[in-house]
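This report covers selected features of a structure. The sequence and the model come first.

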Amino acid sequence: MLRELYDKTGDWLRGTGPEADIVISTRIRLARNLANFPFLSRANTEQKREIERLIREKIKHAKDTKDLHYIRLSDISTVDRLFLMERRLISREHAGGDGERGVAFGRSETVSVMVNEEDHLRIQVIRSGFELRDAWKIIDEIDNILERELKYAFSPAFGYLTACPTNVGTGMRASVMVHLPALGLTHHIEKVFNAVGKLGLIVRGLYGEGTQVLGDLYQISNQFTLGKSETEIIEIMESVVPRITSYERMAREVLISENREQLEDRVWRSYGMLKEARVLSSEEAMHLLSQVRLGVTVGLIKDVTAETLNALFILTLPAHLQKLEGKELEATQRNVLRASFVRRRLGNTN
Amino acid sequence: MKCESCNKRHATVHLTEISGNEKREQHLCDECAHNLNNQLIKMPSPTDILANLINQVAPEIGEMSKTACPACGMSYLEFRSSGRLGCPMDYTAFKKGIVPLLEKMHGASEHIGKVPSRAGKELVVKNEVLQLRKELDKAVEKEDYEKAAKIRDRIFELSGSDDVKGTLRQDG
Ligand SMILES: [Zn+2]
Ligand SMILES: [Zn+2]
């Protein structure tokens, strides 16, 4: 199954859907727990095993989830777990965790269900582009089906009860992954952060720490899960995200009209490096891919698609390269492999 | 530089202590620094310090510190130091402490939104009405009275309960 995953990419990387020039993907996740068990930090080995077994069996029998592929994380290698994480099918915490735990996911990689992450259940749906309503419709249905089989911990006052009180209530985290290279280049990104924070949303860099966000990729998600309904949370995102995307588009236009030569030089130079480099670190690849993606979305570069670039962001991550080669590789070896992989994908046969 | 404590070995550890406006530097060798660390371990545990602090800041949380969940045994203080709850029951057991915490975290302490259908039809309706009330407020705020009227009708329809009908009869 993992082999099969490797030969393709998830549907959410298609580069389709509303606002796909900026919004790469939309994700909704729901946190759920079983009523009759302690939360995981307090559960013993036996209870964890019992929870995993119970949920796994229900997933395998319930309509809508029975076709999902189930993997017990204790059965696979560290690299395979990292591979699933890079694929966004599981979280970093889930990949690095311990004890009995698993993940169920579909062939298109739209749906995934993590078992025994921070909560007993973390259901997740990812769609390409800005598709919150669509994602909500799918996840709501899956949740309804699982809820018929499993007794969720729920209180009329506090809603769905979660291990961490920051998730209680709807248990819902809606997020969009946005590509904001022009706001970064024009130094307007801080303003976006400040404005968004006041509206009850959080922005964080997708990869990397500190000020330099790798690949200009950001995740915007709702901060509050209690006191607002799922629909309200979606409405807030729907009113804020388009403002950010139009701000980014404005910044792109400014770059083109006022700094065309510099922008052209920047994106073509990056494209040239990607097509010719012999050694590429993960950081450098992200940075260059971001610049080229900007060039493609503003129409300067036409011989590569945004979809190809979206996929390269994922396919050049460490565990993906190691799966490609079929063995564990040192960082220096990966950097050589990454460069040759990118060259081939961009049609350079040298 | 020689160690300030034993004056024999070479100082390899440099500590800066700031108390009030005074800054004090200490230069120690490995061994003396190690001994100093051991002294630190004899200090009150972080949990004790936390308990003290909480007692000073919010006495009612201090009172909560004696509370533990009867189901999983998690104490309120354990929860406050780890940030993670032990079991679903904790929300009830720690209610007094958790409500103000949720207010701070979410700006709210009551759930509005999806309800599992097995939680009972009554609750499902109650929640929908709560949501509709919010929408009604929004519609009125925007002066969209047509929409507001529709929402109000839907609320009446859902509530369909005696008290609403009663009011209507009185009005009529
Ligand atoms: Zn000494
Ligand atoms: Zn408990």
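Helices (H or I, at least four residues) and strands (E, at least two) are DSSP runs, numbered from the N terminus.

## Basis of the model

The model is predicted, and local features need pLDDT of at least 70, side-chain atom pairs count only at pLDDT 80 or more, and totals for chains, interfaces and linings use all residues. Residues are numbered from 1 along each chain as its sequence is written, chains are lettered from A and ligands numbered from 1 in the order in which they are written, and side-chain values use heavy atoms, with hydrogens and water left out.

## Loop residues of chain A

Asn116(A) sits in the loop between strand S4 (111-115) and strand S5 (121-128) of chain A. With a relative accessible area of 6%, Asn116(A) is buried; buried means under 20% relative accessible area, exposed over 50%, and partly exposed in between (1.4 Å probe, protein chains only). Its phi is positive, about 60°, although Asn116(A) is not a glycine. Most residues other than glycine have a negative phi. His187(A), in the loop between H6 and helix H7 (189-198) of chain A, also has a positive phi of about 60° and is not a glycine. His187(A) counts as exposed, at 66% relative accessibility.

Thr16(A) belongs to the loop between helix H1 (2-6) and S1 of chain A and is partly exposed, with a relative accessible area of 44%. Apart from residues up to four places away in sequence, Thr16(A) touches Ser128(A) and Gly129(A), where contact means heavy atoms within 4.5 Å. Thr16(A) and Ser128(A) are 112 residues apart along the chain, and their C-alpha atoms are separated by 5.7 Å.

## Strand S8 and its partners

Strand S8 (residues 172-179) of chain A is largely enclosed by the rest of the structure, because 8 of its 8 residues are buried. In a regular strand the side chains alternate between the two faces of the sheet. From S8(A), Met172(A), Ala174(A), Val176(A) and Val178(A) point one way, while Arg173(A), Ser175(A), Met177(A) and His179(A) point the other way.

Two strands pair if DSSP finds at least two bridges between them. Strand S1 (residues 23-32) of chain A runs antiparallel to S8(A), and 7 bridges join the two; within this pairing, Thr26(A) has Val176(A) as its bridge partner. S8(A) is also joined by 5 bridges to strand S10 (residues 217-222) of chain A, again antiparallel. There, His179(A) stands opposite Leu217(A).

## Two buried helix residues of chain A

Ala182(A) lies in helix H6 (residues 181-185) and is buried, with a relative accessible area of 0%. Its contacts, leaving aside neighbours within four places in sequence, are Glu248(A), Ala251(A), Arg252(A) and Leu255(A). Between Ala182(A) and Ile28(A) there are 26 Å from C-alpha to C-alpha, and the two are 154 residues apart in sequence.

Gln291(A) is part of helix H10 (residues 282-297) of chain A. Its relative accessibility is 3%, so Gln291(A) counts as buried. Not counting residues up to four places away in sequence, Gln291(A) touches Leu185(A), Asp216(A), Arg266(A), Val267(A) and Ser270(A).

## Chain B overall

Chain B has 9 helices and 2 strands, in the order β-β-α-α-α-α-α-α-α-α-α from the N terminus on. Of its 172 residues, 32% count as buried. Among contacts in chain B between residues at least 6 apart in sequence, 19% join residues at least 24 apart. The exposed area of chain B is about 11,700 Å², with 52% supplied by carbon and sulfur atoms; accessible areas come from the Shrake-Rupley method with a 1.4 Å probe, and for residues only the protein chains shown count as cover.

## Zinc site in chain B

The zinc ion (ligand 2) has as protein donors Cys69(B) (SG), Cys72(B) (SG), Cys87(B) (SG) and Asp90(B) (OD), at 1.8 to 2.3 Å. Donors are N, O and S atoms within 2.8 Å of the metal (3.2 Å for Na, K and Ca); water is not among the atoms, so sites may look incomplete. Along the chain the donors follow the spacing C-x2-C-x14-C-x2-D. Both Cys87(B) and Asp90(B) are buried.

The site is tetrahedral, with angles of 93 to 119° among the 4 donor atoms. Four donors count as tetrahedral if all angles lie between 85 and 135 degrees.

## Interface between the chains

In the interface, 35 residues of chain B are in contact with 43 residues of chain A. The area buried between the two chains is about 3,100 Å², and carbon and sulfur atoms give 58% of it. Tyr91(B), His106(B) and Lys114(B) supply 25% of the area that chain B buries against chain A, more than any other three residues. Buried area is the accessible area (1.4 Å probe) that two parts lose on being put together, summed over both.

Conventions
Four donors count as tetrahedral if all angles lie between 85 and 135 degrees; four count as square planar and six as octahedral if opposite donors are over 155 degrees apart and all others between 65 and 115; anything else is irregular.
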